[in-house]
Amino acid sequence: MTTQVIVLNGGSSAGKSGIARCLQAVLPDPWLALGVDTFIQAMPAAARTSETGIDIAADGEVVIGPEFRMLEAAWIEGVAAMARAGARIIVDEVFLGGAESQRRWQKALDTLEVLWVGVQCESAVAAGREIARGDRVIGMAASQAKIVHQGVVYDLQVDTTSTESLECARTIAAHVR
């Protein structure tokens, strides 16, 4: 069966977005890249800074509330519907809940052919990227580097600590059917 969805899971500043862009360039067919950042930006501003939506503490800890979960469920179902309608999709995600986060996606994508990819990056390297980016709360990368992978099952893992996004994308592309 043909791969319909590629799910990239990793912590903040691990390199998922760069890999997604490179995958779009190296894969022969057109792929949409949709990520958790896209979803968060689509949320109302008030929900992006509240305990009922998503709240990012001064130390980078991310707290998810019931409004976020409700909108996230609709987002996940919408992404799955696009894949069922024929779009090939790269999902750029941060599984803050580890295995439970993956289960939410698995439920929605259950009839689709999915390639599950873990994007690893040493905490110190991700933290350095976070500082260089300047658009993240300092501490997010370090706090997420390990927890996003707890209990998650992958078809493939890449490590961006010392491997460029393009090389990671080529490794992933070799597993796409």
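An angle between helix directions counts as roughly parallel under 35 degrees, as roughly antiparallel over 145, as roughly perpendicular from 65 to 115, and otherwise as oblique. In the predicted model examined here, helix 3, spanning residues 66–84, packs with helix 4, spanning residues 99–108, at an angle of about 40 degrees, and the two helices are therefore oblique to each other. Their axes lie 9 Å apart, and the crossing that they form is right-handed.

The contact between these helices brings R69, E72, W75, I76, E77, V79, A80 and R84 of helix 3 against R104, W105 and A108 of helix 4. Sorted by class, the residues of this contact comprise six nonpolar and five charged ones, with no polar residue present.

The strands form an open sheet of five members, arranged in the order 2-5-1-6-7 with parallel pairing. The edges are occupied by strand 2 (32–35) and strand 7 (156–159), each of which has a single partner strand, so that one side of each is left without a neighbour in the sheet. From one strand to the next, the twist averages 20 degrees.

Within this sheet, strand 1 (residues 5–9) and strand 6 (residues 114–120) run parallel and are joined by five bridges, and N9 stands opposite G118 of strand 6. Helix 7, formed by residues 165–173, packs on the sheet and touches strand 1, strand 6 and strand 7; the direction of helix 7 makes about 170 degrees with that of strand 7.

Methods. Residues are numbered from 1 along each chain as its sequence is written. This is a predicted model: local features need pLDDT of at least 70, side-chain atom pairs count only at pLDDT 80 or more; totals for chains, interfaces and linings use all residues. Side-chain values use heavy atoms; hydrogens and water are left out. Axes are lines fitted to C-alpha atoms, for helices over the stretch in contact, and angles run from 0 to 180 degrees between N-to-C directions. Helices (H or I, at least four residues) and strands (E, at least two) are DSSP runs, numbered from the N terminus. A crossing is left-handed if the near helix is turned anticlockwise from the far one by less than a right angle, and right-handed if clockwise. Contact means heavy atoms within 4.5 Å. Ala, Val, Leu, Ile, Met, Phe, Trp, Tyr, Cys and Pro count as nonpolar, Asp, Glu, Lys and Arg as charged, and the others, Gly among them, as polar. Two strands pair if DSSP finds at least two bridges between them.
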